[in-house]
Amino acid sequence: MYFNICPEDLQNFFELHSDVQLRAGIQEQVAKALLTNLEGGIDTLDEKQLLARKEIFGENTLPERKKKRFWEFMVDALSDVTLIVLIVCGILSLILGLTIEKDKTVGWIEGASILVAVLIVVLISSLNDFQKEKQFRELSAIKDDVIVSVTRNFKRMQIPAKELLVGDLLHLSTGDIVTADGLLLKGYDVKVDNSSLTGESEPVEKSPNEDPVIYSGTKILAGYGILLVCAVGVRSQTGIIHRLVSSNASISAGKKRTSEHKESEPTGESTHLLSEEHKYSSSSSSDVSEPDESVIEGSGSVLQKKLEDLAVRIGYFGMMMAVLTFLILVIRFCIKTYTVRRFDVADLAEFLKFFIVGITVLVVAVPEGLPLAVTIALAFSVKRMLRDKNLVRHLDACETMGSATTICSDKTGTLTTNQMTVAACEFAHVQKDCLQYDKAPLGRTSKDIVEQIASVNSTAEVLIEDDGRCEYLGSSTECALLYFLRVHNIDYAKYRKTCEVAKLVTFSSARKRMSTIIYLPQEEIYRVLCKGAGEVVLGRCAFLYREDTGKGPLTPELRDYYQQRIDDYAQKGLRTLTFAYKDLSKETFEARGANTDFVESSLIFMGIVGIKDPVRPEVVNAIKQCQKAGIVVRMVTGDNVLTACTIAKECGILDADYSFFSVMEGPDFRNRVTEADGVINMRNFNMIWPHLRVLARSSPQDKYVLVDGLIRADNGGRQIVAVTGDGTNDAPALKRAHVGFAMGIQGTEVAKEASDIILMDDNFNSIVSAVKWGRNIYDSVSKFLQFQLTVNVVAILVAVVSSAVIETSPLTAVQMLWINLIMDSLASLALATEPPSAALLSRKPYRNDKPIVTGKMIRFIVGHSLYQCLIVFGTIFLFRTVSAFVHVIAKTPTTTSAQQFYIPDSGLVSLDKPTVHFTMVFNLFVLLQLVNEINARKIHGELNVFSGLTMNWLYLVIMAAQLLCQLVIVQFGGKAFGVVPLSWYHWLICTGLALVELPLNLLLQFIPTHFISKTLKGARRSSELTTIHSGEGAVLWLRSVARVKSAVRATKAFRMGLQNVRTSQPVKSKSSEFCTPLLPSSS
């Protein structure tokens, strides 16, 4: 046996962790039993030991949830009430056809055809859902591929979390989500959020000597540490909860379905460890008041809310038309039949046919393809957005970005390349050339202090690959300092080995600095090493170290000099850091070392460093695109106000002649727009936000206030806010925004969990891509909508009018189902997968109150509906005249076919015997829709409907498939479809009349729509949305509303996948240099 401890013993340690706290050296004992070197980690070169470690302790993976099988999707599709009604009707028709029909050899065909048509609809719907589920699983797997940092074979490396093994030394830092259970070996100011396990929102302090146990699924809110991994996978706390949830899944399935949209407090074992409803620590937003419930938007997106209302309204209309059609057919039949004879059992077949016609009218009327179009557009966009480095976590965020009006963006890594280098420095009041640092007139003492600050007061690492390449891990600023040392042949690791760290106070966006206290045994003193924001650390300095005279007072003149140097660096676009230190005696450290404020006061100023982070070359054009698209970009950064302004001007965010309040610092902004109790003063905020473009020296609280205020703002139109964030404390702002973007490279796991979309490349250009895809989703749904509404209007009018005039519908139930299949499943697949065009960014964002059906769409629907009704009714009632004319033109005899074209005086045509007449009606109707599907590709009045057609091969394939199927149905469908084969001139008539749709669409573009828009605005002001209460009778159309919410269920697929993997001291404001105060400070 390789190991002197078994998994059960380790599990007992964690179950009785209170005893662990009392046992000194428990980490060393466990590490020894696990064959883990406390400095070098596990030995992965010993393959036998590595295999035994996996077999005994397991791997860091959880069993996947059972995949839903294809037949289960079919069962879900068959649960649709309307389809159930059609199945029952088909069965009854089949029975009656085989029993009471006069010609029993063909009487069964109609019933069988209905059942086959329903089966096709179910198969296509199930296939769409199956493919969608498969895509979401693939995306979830990508999202859950978390990278962690470990030490193995005395080398620090990065590995996927699923490869983590018991015995590994796992490095933890602020913002990480712990992926395994373990014991803390080393820790500095480590604070853990255990709310996902205990429900307690207060952070818990962890240290190697007191409470070293850290569980998987918890979050590191602050600090840095090294964890000895003791349990992974199913044996970890996440795995245990996963097993409990899985074992109770069948029992609680019903309860989960009834409460899946309800939020709950994280408590006990019923809470998933990585729940998105996790409440972040109050320390990150304690200064900001919680928003009122009335202000918080509902879970549905803007587009979904509009579609829900529209679907319900169309459903009501469809129900009315279906009932009207059925009643007209029944009443006319009863009047005509029972005035001359009594009731006969055979009449039941007629009544059943009337009922089937009514149901098929409802099937055509109900826009079940509408939610399908949304789902397809979302699934298609999510997959393509991943290529553009956008990993979508919440599907709602896709189309919400299409309505975004403002983007609050970080600077570092998003607008800049995040490839930082030291561009300027000045140390000990003499060194001013960073390129000549190794030749500088600095003594050994000065260099030691500078190099200690850069090396030891840092959590960054340099990984040297076998081929000599270097990979820098950690904060980009700290990596720039390590690169600076490496360029000058300084080994940072030497300082870390020789300097014993006594205390570490980690960097935070609120403090703007980081400090490390080391013990120097030769001098027998403790040294405080501090680095941070230029003016912040300078403000805490009382002394200056000079190479010629040593330590001396930092006089006002010298302070002003260095403040000017910091400003000079900032005006060049450099991020400025101040280096400072302070020596403490043993007695002083023991007495007051725990007091951070004391430790970081009266520091000795050592020098400043200017770090260059170039603007991304594509950012300037991306911001121009945003401005052209009506989106305001605001920079929110922790950098110096001068640095922020320089970068903002370079990016194009800030003009040279910016107005009042265009540039503000965080403290000044917060004082002006918030009251003493943290509540936003909306009067002041509404005067500031339209002008604000740069918020410098901002804290996460300032970002939250800005986002919250923009969402609440009631002047300048409703704002749809997108925000970027990378830190743990950015989580509240990311959650509050309509769309939260987390950084995939620099972002912490907590920030990623709070976000809606993860930028895989941390690039602002990817945000612009998300805007384009969001608008494309809205347009795709609108394209399908105008197409479907046109079909709805024509199909319903044809059914109702024909029923009233000729006592039957010219379209059989099977034909209606085929039309429904074209305009729902196939059309939604074709129109919802159109790729975005550059023109999408030349329009303003869609307003929240803008109706989903615009004036141009109404023009399209009315114009094409009128033409189609004219042609279809003309074919129905004037067919003999037209056919005779065609026969004359074609010089063919008419006597043979005259009987086929003859309509009895009564106008009643029996559906038992298909005719060329009604086959022509059916064929013409379908071809009209197929041609109009091309017109529907454009919704903004474009004249060329063929532009970009060759870019969408899927659209072309679907169009060809629909046309081919129609040809086969007409020529070979026979009795099953109620058709007879058509000759070439019949096809020529149908095709010619259908192609008229193209020039007609061109003419419609010249009809003004301003009067339609005014009418829509007036109707919107005078009416409110109707609240629909569900009931048994409403199921027939409300199923569409339920399908719209498939996006919500898809979002939960991400969440489920995630659950499978892991159970200030005030600064003087400089904004007065840029703007004249217009408002008094609230404080």
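Two strands pair if DSSP finds at least two bridges between them. With that in hand, here are some close-up views of this predicted model.

**View 1. Strands β20 and β22 run side by side in parallel.** Strand β20 covers residues 632-636 and strand β22 covers residues 694-696, and 2 bridges join them. If you would like one pair to look for, Val636 has Leu695 of β22 as its bridge partner.

**View 2. An open sheet is built from 8 strands.** Follow the order β8-β25-β24-β23-β9-β20-β22-β21, and you will meet mixed pairing along the way. At the edges sit β8 (390-392) and β21 (663-665), each pairing on one side only. From one strand to the next, the twist averages 20°.

**View 3. Helices α25 and α27 lie across strands of the sheet.** Helix α25 (residues 666-673) lies across β21 and β22, and runs at about 90° to β21. Helix α27 (residues 700-712) lies across β9 (406-409), β20, β22 and β23 (721-725). Relative to β23, helix α27 runs at about 170°.

**View 4. The largest nonpolar core has 131 residues.** Those with the most contacts inside this core are Met401, Phe741, Phe764 and Phe922. Helix α30 (residues 764-806) gives the most to the core, with 21 residues. A second, separate core has 43 residues, including Val30, Leu172, Leu185 and Cys230.

**View 5. Here is a look at the surroundings of Phe764.** Beyond residues up to four places away in sequence, Phe764 touches Ile407, Ser409, Thr414 and Leu415. Phe764 also touches Val619, Ala622, Ile623, Cys626 and Val633.

**View 6. Helices α35 and α36 pack at an angle of about 175°.** Their axes are 11 Å apart, with α35 spanning residues 916-935 and α36 residues 953-972. The angle makes α35 roughly antiparallel to α36, because angles over 145 degrees count as such. On the α35 side, the meeting residues are Thr919, Phe922, Asn923, Val926, Leu927, Leu930, Glu933 and Ile934. On the α36 side, they are Tyr955, Met959, Gln962, Leu963, Gln966, Ile969 and Val970. By class, this contact has 10 nonpolar, 4 polar and 1 charged residues.

**View 7. Ser149 is found in strand β1 (residues 147-152).** Ser149 has a relative accessible area of 10%, so it counts as buried, the cut-off being under 20%. Leaving aside neighbours within four places in sequence, Ser149 is in contact with Arg156, Met157, Gln158, Leu169, Leu170, His171 and Leu473. Ser149 and Leu473 are 324 residues apart in sequence, and 9.0 Å apart in space, C-alpha to C-alpha.

Note on methods: Residues numbered from 1 in each chain as written. Predicted model: local features only at pLDDT ≥ 70, side-chain atom pairs only at ≥ 80, totals over all residues. Heavy atoms only, no water. Core = buried A, V, L, I, M, F, W, Y, C linked by side-chain atoms within 4.5 Å. Buried < 20%, exposed > 50% of the residue type's maximum accessible area, 1.4 Å probe, protein only. Helix = DSSP H or I, 4+ residues; strand = E, 2+ residues; numbered from the N terminus. Contact = heavy atoms within 4.5 Å. Axes fitted to C-alpha atoms, helices over the stretch in contact; angles between N-to-C directions. Parallel < 35°, antiparallel > 145°, perpendicular 65-115°, else oblique. Nonpolar A, V, L, I, M, F, W, Y, C, P; charged D, E, K, R; others polar.
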